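Q: Please take a close look at one part of this structure and the side chains that surround it. A connected account would be welcome, moving outward from that part to the contacts that join it to the rest of the chain.

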Amino acid sequence: MLSYRPGTPARRRLRAVAFALPALVACGRSDGQRAGESSAATVAHDATASGSSARQGTWQDGDETIEWSASTQDGKVAGITERYTFGTDGRGERTLRFDGKAALLQIDETSTQVIQYPDRTPAPSTVQITLQFSGDSVSSRRKLVDGATGTVREYEIDRLRRHARSIAEYIVTP
């Protein structure tokens, strides 16, 4: 029987498998250990006859701790879904989509963090960013901050691009 205490390796594996269930259902399921990941991180590999596979795992990117699920086609990343935490009170979800040549097509990110105010009670703030790419150019951008339209800054685009490139490389590197 699995232990249900938070933080046990069995619990973390169970949570990681549940997170990637949609991708795993489409491709079947088997477990494997990926070099460079902690022993608590499980990576699932499932190849089909068409050359597609589903994988999952955990990754640390700066102060973000990420649980990811990815689909690959012929060794190239087609899509990545991430759930992450950052700092002491931040969390978010991010979806990255790539074309058949591993070029970035779209990023959707929603993050929530408790904001500390000097003159009022701390409150959660939610930021949603959607970016669409055409080659090296951003063809569409949208940002909502607590439901109100905001401006997507260049540093936000650069951060998301760097992250997409880094995690995609990490996932396809044997």
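A: A charge is said to sit over a ring when NZ of Lys or CZ of Arg is within 6 Å of the ring centre and within 35 degrees of the ring normal. In this predicted model, the charged end of Arg-94 sits over the ring of Tyr-84, 4.2 Å from its centre. Arg-94 belongs to strand β7, which is the part examined here.

The side chains of β7 alternate between two faces. Gly-90, Gly-92, Arg-94, Leu-96 and Phe-98 point to one face and are buried. Arg-91, Glu-93, Thr-95 and Arg-97 point to the other face and are not buried. Arg-94 is thus a charged residue on the buried face, whereas Arg-97, on the other face, counts as partly exposed at 38% relative accessibility.

Strand β7 has a paired strand on either side in sequence. With β6 (residues 76–86), β7 runs antiparallel and is joined by eight bridges. With β8, β7 also pairs in the antiparallel sense, over nine bridges. Thr-95 illustrates both pairings: Thr-81 has Thr-95 as its bridge partner in β7, and the bridge partner of Thr-95 in β8 is Asp-108. Each pair of strands forms a hairpin. Three residues separate β6 from β7, and Gly-87 in that turn has a positive phi of about 60 degrees. Five residues separate β7 from β8, and there Ala-102 has a positive phi of about 70 degrees.

A side-chain link accompanies the second pairing. Asp-108 forms a salt bridge with Arg-97, in which the closest N and O atoms are 3.3 Å apart. Asp-108 lies in β8 (residues 104–115) and Arg-97 in β7 (residues 90–98), so this salt bridge ties together parts that are 11 residues apart in sequence. Asp-108 therefore has two ties to β7, through the salt bridge with Arg-97 and as the bridge partner of Thr-95.

A further salt bridge leads from β8 to a helix. The side chains of Arg-159 and Glu-109 meet at 3.1 Å, N to O. This pair links distant parts of the chain, with Arg-159 in helix α3 (residues 154–172) and Glu-109 in strand β8, 50 residues apart. Glu-109 is buried at a relative accessible area of 5%, while Arg-159 counts as partly exposed at 31%.

Helix α3 is also tied to strand β10. The side chains of Arg-141 and Glu-154 meet in a salt bridge of 3.2 Å, N to O. Arg-141 lies in β10 and Glu-154 in α3, so the pair connects parts that are 13 residues apart in sequence. Both partners are partly exposed, Arg-141 with a relative accessible area of 40% and Glu-154 with 48%. Returning to β7, salt bridges that share partners join Glu-64, Glu-82, Arg-94, Glu-109 and Arg-159 into one network. Arg-94 is thus a member of this network as well as the residue whose charged end sits over Tyr-84. The structure holds eight salt bridges.

Strand β10 (residues 137–145) contains another charged residue, Lys-143. Lys-143 is buried, with a relative accessible area of 11%, and its side chain makes a polar contact of 2.7 Å with that of Glu-156. Beyond its neighbours within four places in sequence, Lys-143 is in contact with several residues, among them Val-127, Ile-129, Thr-149, Val-152 and Glu-156.

The aromatic residues complete the surroundings. Three aromatic pairs are counted. The rings of Trp-68 and Tyr-170 have centres 6.4 Å apart and planes at 90 degrees, so this pair is edge-to-face. Trp-68 in strand β5 (residues 64–73) and Tyr-170 in helix α3 are 102 residues apart, and the pair links these distant parts of the chain. Trp-68 counts as buried at 0% relative accessibility, as does Tyr-170 at 18%. Tyr-84, the residue beneath the charged end of Arg-94, forms a tilted aromatic pair with Phe-86, at 5.9 Å centre to centre and 35 degrees between the planes. Tyr-84 is buried with a relative accessible area of 3%, and Phe-86 counts as buried at 14%. Trp-59, Trp-68 and Tyr-170 form one aromatic cluster. Elsewhere, the charged end of Arg-120 sits over the ring of Tyr-117, 3.9 Å from its centre.

Conventions. Residues are numbered from 1 along each chain as its sequence is written. This is a predicted model: local features need pLDDT of at least 70, side-chain atom pairs count only at pLDDT 80 or more; totals for chains, interfaces and linings use all residues. Side-chain values use heavy atoms; hydrogens and water are left out. Helices (H or I, at least four residues) and strands (E, at least two) are DSSP runs, numbered from the N terminus. Buried means under 20% relative accessible area, exposed over 50%, partly exposed in between (1.4 Å probe, protein chains only). A polar contact is a pair of N or O atoms within 3.5 Å; within protein, one must be able to donate a hydrogen and the other to accept it, and residues adjacent in sequence count only if both atoms are side-chain atoms. Contact means heavy atoms within 4.5 Å. A salt bridge is a side-chain nitrogen of Lys or Arg within 4 Å of a carboxyl oxygen of Asp or Glu. Rings of Phe, Tyr and Trp (its six-membered ring) pair if their centres lie within 6.5 Å; planes under 30 degrees apart count as stacked, over 60 as edge-to-face and the rest as tilted. Two strands pair if DSSP finds at least two bridges between them.
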